[in-house]
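Subject: Handing over the model

Hello,

Here is the structure I promised to pass on, with my notes below it. I hope they save you some time when you open the coordinates.

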Amino acid sequence: MTSDRDEILQAVSSAVLAVTRHLSVREVLQVIVRSAQRLLDARYAALGVPDEDGSFAEFVAEGLTDKQWDAIGPLPRQHGMLGAMLRDGTPVRLPDLREDERFEWWPKAHPVMKDFLGVPIRDREQVLGIIFLANKRTCGGFTQEDQELLTLFAAHAAIALINARLYENGRELAMLEERNRMARELHDAVTQKLFSLRLSAQAAGAMLDKAPGKAAVELERVQRLAGEALSELRAVIVELRPAELDRHGLSETLRKHVRLLDRLHPVAVTFECGELPPLDAAVEVAVLRVAQEALHNALRHSGAEAVAVRLAYAGGRLELVVRDDGSGFEQTDSRGLGLASMRDRAEAVGGEMSVESAPGAGTTVRVEVSV
């Protein structure tokens, strides 16, 4: 029992440290679920954080593939055993979940779960969420000792979850303050440019018939001011960090983006990602934007049947690869694909971008950044 408790403390420590590494709430939940699954040797593990609309604000699971998730469909609602645990706030340990009267049904593609162990994650009287395990790999199902271990783990997991929420709320407040600052800068810089542009355009219109030479000078000024205003707008837009990154981090944000594209397009779009270290905010934005641009090109221009996106980390370097099996192109015929912009984004964070393509051989966009 002592060694089990030591392992629990180590697992909880990983979850708490996940907060100090500036991970999102969802990433902290993933650390908790993986730790619990490994600790109690379960085939499946999940953690749900309820919302106020009868569903779950967050729901993470281990033991299911992305393809299985897609086949299962929407996130579960607060009904059946999950709803009962949220209402009662008490542990549940069953030899066969399906035989309990609180069990209702599963979606058709849902894996069969038999032995079941679930405990609430509580902050005093409030149930923050539920963590549950199913199908213990060793014979005999979950024991009373397993329940005590998971209950102890859930008590410490509550601390990690509360701290993650506090950190994320603080980060969102800082982000809001930064966006307000940028809005003021946008107003001061761009508004003045647009006001001058309007006056110059009016002056050019007034002088067009009687003094065409002076009108031409004013029109040149209009063109210059318009370019400066556009540059100011682009600078502000580049600085804006997508809200999804602050909530979910790079890996999950890109995973959701890929999943959405896969549903919207007839092309098969897949995503693969290994374990990533904490990443600088500027790196996350740059890599996400390059991935989005590369996906846009592949889906709109390549005629591909499949597009694969991969994020990986090794040897201190983060690698993004977007590969399609489309028509490809001559390397000299790439002006309309936004490759220069993508390369600029990569180089702005100290990265490198390469493109491999040839007619009929598909296209591979690769970005590597030292992190």
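Two strands are taken as paired if DSSP finds at least two bridges between them. With that in mind, and remembering that this is a predicted model, here is what turned up.

**The antiparallel sheet**

Five strands make up an open sheet with antiparallel pairing, in the order β2-β1-β5-β4-β3. At its edges are β2 (56–62) and β3 (92–94), each of which pairs on one side only. On average, neighbouring strands in this sheet are turned by 10° against each other, with direction ignored. Helix α2 (residues 25–39) packs on the sheet and touches β1, β2 and β5 (126–136), its direction making about 40° with that of β2.

If you want to look at one pairing here, try β1 (residues 42–50) and β2: they run antiparallel and are joined by six bridges. Within that pairing, Leu47 has Val60 in β2 as its bridge partner.

**The aromatic rings**

How many aromatic pairs does a search of the whole structure find? The search gives four. In one of them, the ring centres of Phe59 and Phe132 are 6.4 Å apart and the planes are at 50°, so this pair counts as tilted. Phe59 belongs to strand β2 and Phe132 to strand β5, so the pair ties together parts that are 73 residues apart in sequence. Are these two residues, Phe59 and Phe132, buried or exposed? Both are buried. Ring pairs also link Phe56, Phe59, Phe116 and Phe132 into a cluster.

**The mixed sheet**

Further along the chain, another open sheet has five strands in the order β6-β7-β8-β10-β9, and here the pairing is mixed. β6 (268–273) and β9 (352–357) stand at the edges with a single partner strand each, so one side of each has no neighbour in the sheet. Neighbouring strands of this sheet are turned by 10° against each other on average, again ignoring direction.

Going through its pairings:

- β7 (residues 306–314) and β8 (residues 317–324) run antiparallel, with eight bridges joining them; Tyr313 stands opposite Leu318 in β8.
- β8 and β10 are also antiparallel and joined by eight bridges, and Arg323 stands opposite Thr364 in β10.
- β9 and β10 run antiparallel with six bridges between them, and Val355 stands opposite Val365 in β10.

The hairpin of β9 and β10 has five residues between the strands, and Gly360 there takes a positive phi near 80°. Strand β10 is mostly covered, as six of its eight residues are buried.

**Helices on the mixed sheet**

Helix α8 (residues 281–301) lies across β6, β7, β8, β9 and β10 (363–370), running at about 10° to β8. From its first C-alpha to its last, this helix of 21 residues reaches 30 Å, close to the 30 Å expected at 1.5 Å a residue. At the start of α8, a side-chain oxygen of Asp280 comes to within 3.0 Å of the backbone nitrogen of Ala282. After the helix comes Gly303, with a positive phi near 70°. Helix α9 (residues 339–348) lies across β9 and β10, and runs at about 145° to β9.

Happy browsing, and do write back if you would like to talk any of this through.

Best wishes

Terms used: Residues numbered from 1 in each chain as written. Heavy atoms only, no water. Helix = DSSP H or I, 4+ residues; strand = E, 2+ residues; numbered from the N terminus. Axes fitted to C-alpha atoms, helices over the stretch in contact; angles between N-to-C directions. Contact = heavy atoms within 4.5 Å. Expected span 1.5 Å × (residues − 1). Polar contact = N/O pair within 3.5 Å; in protein donor to acceptor, adjacent residues only side chain to side chain. Phe/Tyr/Trp six-rings, centres within 6.5 Å; stacked < 30°, edge-to-face > 60°. Buried < 20%, exposed > 50% of the residue type's maximum accessible area, 1.4 Å probe, protein only.
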